[in-house]
Amino acid sequence: MEQLITIKTYTYPHEVYVERGKLESEGIETFLKDETTVQVYNFYSNAVGGIKLQVFSEDVNRALAILDSVKETVPKLVVFSKKEIENTSVCPFCGSDNIGKKKNANWLTLIPYLLVGFILPVYGKSYLCFDCDKRWRIKLF
Ligand SMILES: [Zn+2]
């Protein structure tokens, strides 16, 4: 009989979607536990132990290996100093002006930033380029 095993827990829903999508695309069936609770009561995420990502016991080893490889492909947040960026309204990587800033973001555009937004509060606004999908921040000093 197949058994569901929790391979990872997540505090925020957006974190699980990225990695779950990767597992599903590799043909691994996944299940989420406590997802609704966390979505509705985000604040209580820690109380319920976060969202649990589960797979069948026979898929555990493969799933963990895939999650390891996902980690390496998540785009890194590049940090620039103010000196390095003269024009903050274009992407420093591809020059596109189709970029988003964390400031004034609504809930939906905020989601990409949640991945990195709480980690380095000493830095200023964070940016996202919608054309090349790079993310960056500019140091305040
Ligand atoms: Zn770009």
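**Reading a predicted fold, from loop to zinc site**

User: Where does D133 lie relative to β6 and β7?
Analyst: D133 lies in the loop that links β6 (126-129) with β7 (135-138). Please keep in mind that this model is predicted.

User: What makes the phi of D133 stand out?
Analyst: Most residues other than glycine have a negative phi. D133 is not a glycine, yet its phi is positive, near 65°. The hairpin of β6 and β7, where D133 takes this value, has 5 residues between its strands.

User: Why is D133 called partly exposed?
Analyst: Its relative accessible area is 42%. Buried would need under 20% and exposed over 50%, so D133, at 42%, belongs in between.

User: How do you know that β6 and β7 are paired?
Analyst: Pairing takes at least two bridges, and 3 bridges join β6 to β7, which run antiparallel. Within this pair, S126 stands opposite R137 of β7. The same test works for β5 (residues 99-101): 3 bridges join β5 to β6, again antiparallel. One of the partnerships there is I99 with C129.

User: Which way do the residues of β6 point?
Analyst: S126 and L128 point one way, Y127 and C129 point the other way, and all of them are buried.

User: What coordinates the zinc ion, and how do you know that these atoms are donors?
Analyst: The SG atoms of C91, C94, C129 and C132 coordinate the zinc ion, at 2.3 Å. The cut-off for a donor here is 2.8 Å, so these sulfur atoms at 2.3 Å qualify. Along the sequence, the donor residues follow the spacing C-x2-C-x34-C-x2-C.

User: What is the geometry of the zinc site called, and why?
Analyst: The angles among the 4 donor atoms run from 105 to 115°. A tetrahedral site needs all angles between 85 and 135 degrees, so the site of the zinc ion is tetrahedral.

User: Is C129 buried or exposed, and what about C132?
Analyst: C129 has a relative accessible area of 0%. That is under the 20% limit, so C129 is buried. C132 has 27%, which lies between 20% and 50%, so C132 is partly exposed.

User: What is the strand order in the open sheet of 3 strands?
Analyst: The order is β1-β3-β2, with antiparallel pairing. β1 (4-10) and β2 (30-33) have a single partner strand each, so they stand at the edges, with one side lacking a neighbour in the sheet. On average, neighbouring strands of this sheet are turned by 30° against each other, direction ignored.

User: How do you know that β1 and β3 pair?
Analyst: They share 6 bridges in the antiparallel sense, and at least two are required, so the pair counts. For instance, I5 has V55 of β3 as its bridge partner.

User: Which residues of the largest nonpolar core touch the most other members?
Analyst: Among its 13 residues, those are I7, L23, L53 and V55. At least two core residues come from each of β1, α1 (13-25), β3 and α3 (60-73), and α3 gives the most, with 4. Beyond its neighbours within four places in sequence, I7 is in contact with L23, L53, V55, V60, A63, L64 and L67. There is also a second, separate core of 8 residues, including C91 and W136.

User: How many helices and strands does the protein chain have?
Analyst: The protein chain has 4 helices and 7 strands, and 33% of its 141 residues are buried.

How values were computed. Residues are numbered from 1 along each chain as its sequence is written. This is a predicted model: local features need pLDDT of at least 70, side-chain atom pairs count only at pLDDT 80 or more; totals for chains, interfaces and linings use all residues. Side-chain values use heavy atoms; hydrogens and water are left out. Donors are N, O and S atoms within 2.8 Å of the metal (3.2 Å for Na, K and Ca); water is not among the atoms, so sites may look incomplete. Four donors count as tetrahedral if all angles lie between 85 and 135 degrees; four count as square planar and six as octahedral if opposite donors are over 155 degrees apart and all others between 65 and 115; anything else is irregular. Buried means under 20% relative accessible area, exposed over 50%, partly exposed in between (1.4 Å probe, protein chains only). Axes are lines fitted to C-alpha atoms, for helices over the stretch in contact, and angles run from 0 to 180 degrees between N-to-C directions. A nonpolar core is a set of buried Ala, Val, Leu, Ile, Met, Phe, Trp, Tyr and Cys residues joined through side-chain atoms within 4.5 Å. Contact means heavy atoms within 4.5 Å.
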